[in-house]
Amino acid sequence: MLSVSLPLLLSRLPTVKAAMPRLDMDADLKLDFKDVLFRPKRSSLKSRSEVDLQRTFTFRNSKQTYTGIPIIAANMDTTGTFEMAQVLSKHTLFTAIHKHYSVEDWKNFAASHPECLEHVAASSGSGNADLEKLCAILEAVPPLKYICLDVANGYSEYFVEFVKTVRGKFPKHTIMAGNVVTGEMVEELILSGADIIKVGIGPGSVCTTRIKTGVGYPQLSAVIECADSAHGLKGHIISDGGCSCPGDVAKAFGAGADFVMMGGMLAGHDQCSGEVIEKNGKKYKLFYGMSSDTAMKKYVGGVAEYRASEGRTVEVPYRGDVENTIRDVLGGLRSTCTYVGAAKLKELSRRTTFIRVTQQSSHMFA
């Protein structure tokens, strides 16, 4: 009788490889601004007026020094306007000017408002035409020292190479670049020449990237993780998107953001582009994402066949002068600092303890 051991028999059977695909899953909890509140702490501050919101940064690659309140108007064509910059710069706030102004527009702005140039950036996409225009603007306006390189997907190798190219052409300019949401790409962009990394994919009020693509990252967790990566390399980050109230701006700073960029919170004001629309006795202004049908029809003739619109167009209630909104945001930020005992904005992240919540506020009269 022939006897064969079971292990030997099994070893002679044909091997069938599993057809199961490899699936990566990060099961760690990720949080958004709506998921947390600040825990209050003992404070020696007597008044909100004692809080210093000014920050001073020296950037890793440009070696340039910045001083101001690190809140930035987004480089959308409705909010990143020269008119917005004129008001924001009075408060030492920053404006990323949208990329659709001409070189002549820039020269006129620089000539009539030279005091604003310390607090504005020229924006650019990553195409050859974008680079040519950026070079022309920076040549025409020598005092301009900030560049905002803005693409929807900062993970492409092409964008990394583009950042290197711009750094090579402008070694002394401070470069903002993005958008990304993870630490490894923050590090790569900093090492490629960027100084400040824009963090945020899909959190914006008129962004539909998460709906159209399923891609994104909860903004609070993205800021926490990206700030840690950037600061380890002496780089900086901008929390870009997701703020719907002054408390969210404070949470972004508490999470470690060096700058906070706002779009929707600054929409609907006199300083935003576009006409005031009247409907049923109420006034509105248009606000739209830069990947929306509205923006693409305006600048490139429509949505290309190979892509989808990733932005919405909304009618925002007309809100008058942006000055009032700025005071509201800065007042809320000072109040946050007094609640946690931070005498300076610089101290806020060190004084921050977030608590998870299921509800931000009462909606009884919402």
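This is a short tour of the cysteines and aromatic rings in a predicted model.

**Stop one: the cysteines.** Select Cys-243 and show its side chain. What is the closest cysteine sulfur to the one in Cys-243? It belongs to Cys-245, and the gap of 7.7 Å is too far for a bond, given that a disulfide needs the sulfur atoms within 2.5 Å. In fact, you'll find zero disulfides in the whole structure. While you're here, check the surroundings: Cys-243 is buried, at 13% relative accessible area. Then hop over to Cys-337, which is buried too, with a value of 0%.

**Stop two: a stacked pair.** Now switch to the rings, where the count comes to 13 aromatic pairs. Pick Phe-57 and Tyr-66: their planes sit at 10° with the centres 6.0 Å apart, so this pair counts as stacked. Both Phe-57 and Tyr-66 are buried.

**Stop three: a link across the chain.** Next, select Phe-82 and Tyr-101. Are these rings stacked or edge-to-face? They are stacked, with 3.9 Å from centre to centre and 20° between the planes. Colour by secondary structure and you'll see that the pair ties together distant parts of the chain, 19 residues apart: Phe-82 is in helix 2 (residues 82-90), while Tyr-101 lies in the loop between strand 5 (94-97) and helix 3 (103-112). Phe-82 is buried at 7% relative accessible area, and Tyr-101 also counts as buried, at 14%.

**Last stop: the cluster.** Go back to Phe-57 and Tyr-66, and add Phe-59, Phe-94, Tyr-146 and Phe-259 to the selection; ring pairs link these residues into a cluster.

Terms used:
Residues numbered from 1 in each chain as written. Predicted model: local features only at pLDDT ≥ 70, side-chain atom pairs only at ≥ 80, totals over all residues. Heavy atoms only, no water. Buried < 20%, exposed > 50% of the residue type's maximum accessible area, 1.4 Å probe, protein only. Phe/Tyr/Trp six-rings, centres within 6.5 Å; stacked < 30°, edge-to-face > 60°. Helix = DSSP H or I, 4+ residues; strand = E, 2+ residues; numbered from the N terminus.
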